[in-house]
Amino acid sequence: MARILIVDDHLAARTTLRQLLDWHCFQVCGDAQNGKEAIEKVIELKPEIVLMDINMPVMNGIAAATEIRRIAPSTKIVFMTVHEGPGFRAGTKPFAHGFVSKSAAGKDLIPTLERVAGITANEMTLECPHCKVRQKIHVAVAAGLAEKGRQRVSCVNCHREFEVRVADEVVGGPFVA
Ligand SMILES: [Zn+2]
């Protein structure tokens, strides 16, 4: 049973999410009201998954995710936001194992968390062919994802895309090695 930390600045959202997750047999180990508190709780509670709102006072979800990547690289992050659109989703991709829009949460949240909970992230270190900066890529090892393929990832340094040949799905990264 995956332990989840809920991060949202609205009390009503935290309460609703906690009830939903409890009902679906996820263990909510704590909650936080902003990114700064989320980082403290990740250190204290060591959750497996952080369910992260993006727009919050004090520290937003993307800044917090960047820091959580550094201090607890095996922690999986699922963004939950009111923002829609592929551009925004792509912007969170370097940090996220999952992305759920709040308008579709009733339908998408539980399947996304079940998928993320089943992922074991394998880390590979690769060099960007453009700028030669070495960086870590997280590769999913999960049943049903073992399909040979090519993934395009964008470089953490020069932001140009390069291709990664992997047996499984790239779920996060790159991060600077
Ligand atoms: Zn590069």
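Is Cys131 buried, partly exposed or exposed, and at what relative accessibility? In this predicted model, local features require pLDDT of at least 70 and side-chain atom pairs pLDDT 80 or more, whereas totals for chains, interfaces and linings use all residues. Residues are numbered from 1 along each chain as its sequence is written, and side-chain values use heavy atoms, with hydrogens and water left out.

Cys131 counts as partly exposed because its relative accessibility is 25%; buried denotes under 20% relative accessible area, exposed over 50%, and partly exposed the range in between (1.4 Å probe, protein chains only). Cys128, at 0%, counts as buried, as does Cys155, at 1%. The SG atoms of Cys128, Cys131, Cys155 and Cys158 coordinate the zinc ion at 2.3 Å, donors being N, O and S atoms within 2.8 Å of the metal (3.2 Å for Na, K and Ca). Along the chain, the zinc donors follow the spacing C-x2-C-x23-C-x2-C. The site is tetrahedral, with angles of 105 to 116° among its 4 donor atoms (for four donors, all angles must lie between 85 and 135 degrees). The whole structure contains 0 disulfides, defined as pairs of cysteine sulfur atoms within 2.5 Å.

The largest nonpolar core (buried Ala, Val, Leu, Ile, Met, Phe, Trp, Tyr and Cys residues joined through side-chain atoms within 4.5 Å) comprises 20 residues, of which Val7, Val50, Met52, Ile77 and Phe79 touch the most other members. Elements giving two or more residues to this core include strands E1 (3-7) and E4 (76-81) and helix H3 (61-71); helices (H or I, at least four residues) and strands (E, at least two) are DSSP runs numbered from the N terminus. Helix H2 gives the most, with 4 residues. A second, separate core of 17 residues includes Leu17, Val78, Leu109 and Leu113.

Methods. Tetrahedral: all angles 85-135°; square planar, octahedral: opposite > 155°, others 65-115°.
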